[in-house]
Amino acid sequence: MRCVTLTNSRAQGEFKAGEREGRGVFGFASGNVESGFCKQDARVGEGVRWKADGRRAVRLRDGKGVEYISLEEARQTAERLGLPLPSPLPGA
């Protein structure tokens with residue numbers, strides 16, 4: 001999955017040569033927010049998606065959801081990986 005800014009979405013993070021490269025936070029029109037890594041404008045490695053309802057989170061692998069995790073585990077995962085936490089978190 002590419003690290004692109006969609007209509008009505010927002011992104012904050014590291015860029016290289018005009019493309020997302022490194023850590024970032026991506027907010028989507030749906031209200032979901034992701035924190036993860038991009039390499040050559042594609043999502044790579046482990047990341048976290050906080051669902052818009054503020055009650056659930058999903059572990060990401062290469063931009064794809066692999067399992068639901070607790071909000072606390074999502075926060076710990078982001079901190080362990082050195083990823084920025086969305087501010088505010090969805091549902092807050």
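Student: How much surface does the protein expose, and what share do carbon and sulfur atoms supply?

Tutor: The protein exposes about 5400 Å², and carbon and sulfur atoms supply 49% of it. Accessible areas are from the Shrake-Rupley method with a 1.4 Å probe, and for residues only the protein chains shown count as cover. This is a predicted model, in which local features need pLDDT of at least 70 and side-chain atom pairs count only at pLDDT 80 or more, while totals for chains, interfaces and linings use all residues. Residues are numbered from 1 along each chain as its sequence is written, and side-chain values use heavy atoms, with hydrogens and water left out.

Student: Why is Thr 77 called buried?

Tutor: A residue is buried under 20% relative accessible area, exposed over 50%, and partly exposed in between (1.4 Å probe, protein chains only). Thr 77 has a relative accessible area of 4%, so it counts as buried. Its place is in helix α1. Leaving out residues up to four places away in sequence, Thr 77 touches Glu 46, Val 48 and Arg 59; contact means heavy atoms within 4.5 Å.

Student: Which class do Asp 41, Asp 62 and Arg 55 fall into?

Tutor: Asp 41 has 7% and is therefore buried. Asp 62 has 43% and is partly exposed. Arg 55 has 69% and is exposed. In the protein, 40% of the 92 residues count as buried.

Student: What makes up the secondary structure, and in what order?

Tutor: The protein has one helix and six strands, which run β-β-β-β-β-β-α from the N terminus. Helices (H or I, at least four residues) and strands (E, at least two) are DSSP runs, numbered from the N terminus.

Student: Why is strand β2 described as largely enclosed?

Tutor: Seven of the nine residues of β2 (residues 19-27) are buried, so the rest of the structure largely encloses this strand. β5 is mostly covered too, with four of its five residues buried.

Student: How do you know that β2 and β3 pair?

Tutor: Two strands pair if DSSP finds at least two bridges between them. β2 and β3 (residues 33-39) have six bridges, in the antiparallel sense, so the criterion is met. Gly 22 has Cys 38 in β3 as its bridge partner. Their hairpin has five residues between the strands, and Gly 31 takes a positive phi near 100° there.

Student: Which strands does β5 pair with?

Tutor: β5 pairs with β4 over five antiparallel bridges, and five bridges join β5 to β6, again antiparallel. Leu 60 of β5 stands opposite Gly 47, and its bridge partner in β6 is Gly 65. The hairpin of β4 and β5 has six residues between the strands, with Gly 54 at a positive phi near 70°.

Student: What is noted about the phi of Asp 62?

Tutor: Most residues other than glycine have a negative phi. Asp 62 has a positive phi near 50° and is not glycine. It lies in the loop between β5 (57-61) and β6 (64-69), whose hairpin has two residues between the strands.

Student: What makes the largest nonpolar core a core?

Tutor: A nonpolar core is a set of buried Ala, Val, Leu, Ile, Met, Phe, Trp, Tyr and Cys residues joined through side-chain atoms within 4.5 Å. Eight residues make up the largest one: Val 48, Trp 50, Ala 57, Ile 69, Ala 74, Ala 78, Leu 81 and Leu 83. β4 (42-50) and α1 (71-81) each supply at least two of them, and α1 gives the largest share, three residues. Among the contacts of Ala 57, not counting residues up to four places away in sequence, are Val 48, Trp 50, Ile 69 and Ala 74.

Student: How many cavities does the search find, and what lines the largest?

Tutor: The search of the whole structure finds one cavity of 30 Å³ or more. A cavity is a set of points, on a 1 Å grid over the protein atoms alone, where a 1.4 Å probe fits but cannot get out; lining residues have an atom within 4 Å of a point. Grid points are joined across faces, edges and corners, and a volume is the space filled by probe spheres set on the points. The largest cavity holds about 80 Å³. It is lined by 14 residues, with Glu 34, Gly 36, Phe 37, Arg 43 and Leu 60 nearest its centre. β3 and β4 are the elements that give two or more residues to this lining.

Note on methods:
On a 1 Å grid over the protein atoms alone, a cavity is a set of points where a 1.4 Å probe fits but cannot get out, and a pocket is an open set with protein on both sides within 12 Å along at least five of seven lines; lining residues have an atom within 4 Å of a point.
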